[in-house]
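Colleague: Could you take a close look at one part of this protein for me? I would love a connected walk through a single helix and whatever surrounds it.

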Amino acid sequence: MPSPLRILVVSEDARFSTWLRHHIEALREDVIVDAETLTDFEHRLATQGTAAFDLVMPLLRFEGTDDGPSNGQDWLERLLEFPDSPPTIIVAEAGDELTA
């Protein structure tokens, strides 16, 4: 039996993480969905990386401002620094299609 697909959801919104986890797990029985805040994710990147996951889904802000690590563009650049990172699906929390 193949090992379950491991997905990491990164969001400051616990309700969103719970909602997304519920829907993903309803679609596939062979999946494990973990959730972290952006702060926890930043710590993971600095210490462990994301190789333990098959997919990362961060909820990021794309507002065209320089508001620190919560800025989606900054996170994308950080993720590119890790060659062993799994595929990533970015969920845009704020902004528009021009900045995302």
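What follows is a tour of one helix, its two faces and its neighbours.

Modeller: Happy to! Please keep in mind that this is a predicted model. Let me choose α2, and begin with the setting. The protein has three helices and four strands, and along the sequence they alternate in the pattern β-α-β-α-β-α-β. Of its 100 residues, 32% are buried. Among contacts between residues at least 6 apart in sequence, 74% join residues at least 24 apart. The exposed surface comes to about 6,300 Å², with carbon and sulfur atoms supplying 54% of it.

Now to α2 itself, which spans 38-47. Its buried residues are L38, F41, R44 and L45. Viewed down the helix axis, these fall within an arc of 115°, so they line one face of α2. On the other side of the helix, T39, H43 and A46 are exposed. 

What does the buried face meet? One partner is α3, residues 72-79. The axes of α2 and α3 come within 12 Å and cross at roughly 25°, which makes the two helices roughly parallel, as the angle is under 35 degrees. Their crossing is left-handed. From α2 the contact is made by L38, F41, E42 and L45, and from α3 by W75, R78 and L79. Notice that L38, F41 and L45 also belong to the buried set of α2. On the α3 side, the buried residues are G72, W75 and L79. Seen down the axis of α3, they fall within an arc of 60°, so they too line one face of their helix.

A second partner comes from strand β1, residues 5-10, where L8 is found. L8 counts as buried, at 0% relative accessibility. Leaving aside neighbours within four places in sequence, L8 is in contact with F41 and R44, and its list also holds D34, A35, E36, F53, L55, V56 and M57. F41 therefore has a part in two of these meetings, since it is named both in the contact with α3 and among the contacts of L8.

Next, follow the chain out of the helix. After α2 comes G49, whose phi is positive, near 80°. T50 then sits in the loop between α2 and β3, the strand covering 55-62. Is T50 buried or exposed? Despite its place in a loop, T50 is buried, with a relative accessible area of 1%. Not counting residues up to four places away in sequence, T50 touches F41, R44 and L45 of the helix we have been following, along with V56, S85 and P86. The C-alpha atoms of T50 and L8 are separated by 8.7 Å, although the two residues lie 42 residues apart along the chain. F41, R44 and V56 appear in the contacts of T50, and they appear in those of L8 as well.

One last stop links in helix α1, residues 14-27, through S17. S17 counts as buried, at 6% relative accessibility. Leaving aside neighbours within four places in sequence, S17 is in contact with V9, S11 and A35. A35 is also one of the contacts of L8.

To draw the picture together: the buried face of α2 holds L38, F41, R44 and L45. F41 and L45 take part in the contact with α3, and both are touched by T50 as well. R44 is in contact with L8 and with T50. I hope that gives you a good feel for α2 and its surroundings!

Technical notes: Residues numbered from 1 in each chain as written. Predicted model: local features only at pLDDT ≥ 70, side-chain atom pairs only at ≥ 80, totals over all residues. Heavy atoms only, no water. Buried < 20%, exposed > 50% of the residue type's maximum accessible area, 1.4 Å probe, protein only. Contact = heavy atoms within 4.5 Å. Areas by Shrake-Rupley, 256 points an atom, 1.4 Å probe, with all protein chains shown as cover. Arc of directions from axis to C-beta. Axes fitted to C-alpha atoms, helices over the stretch in contact; angles between N-to-C directions. Parallel < 35°, antiparallel > 145°, perpendicular 65-115°, else oblique. Left-handed = near helix turned anticlockwise from the far one by under 90°.
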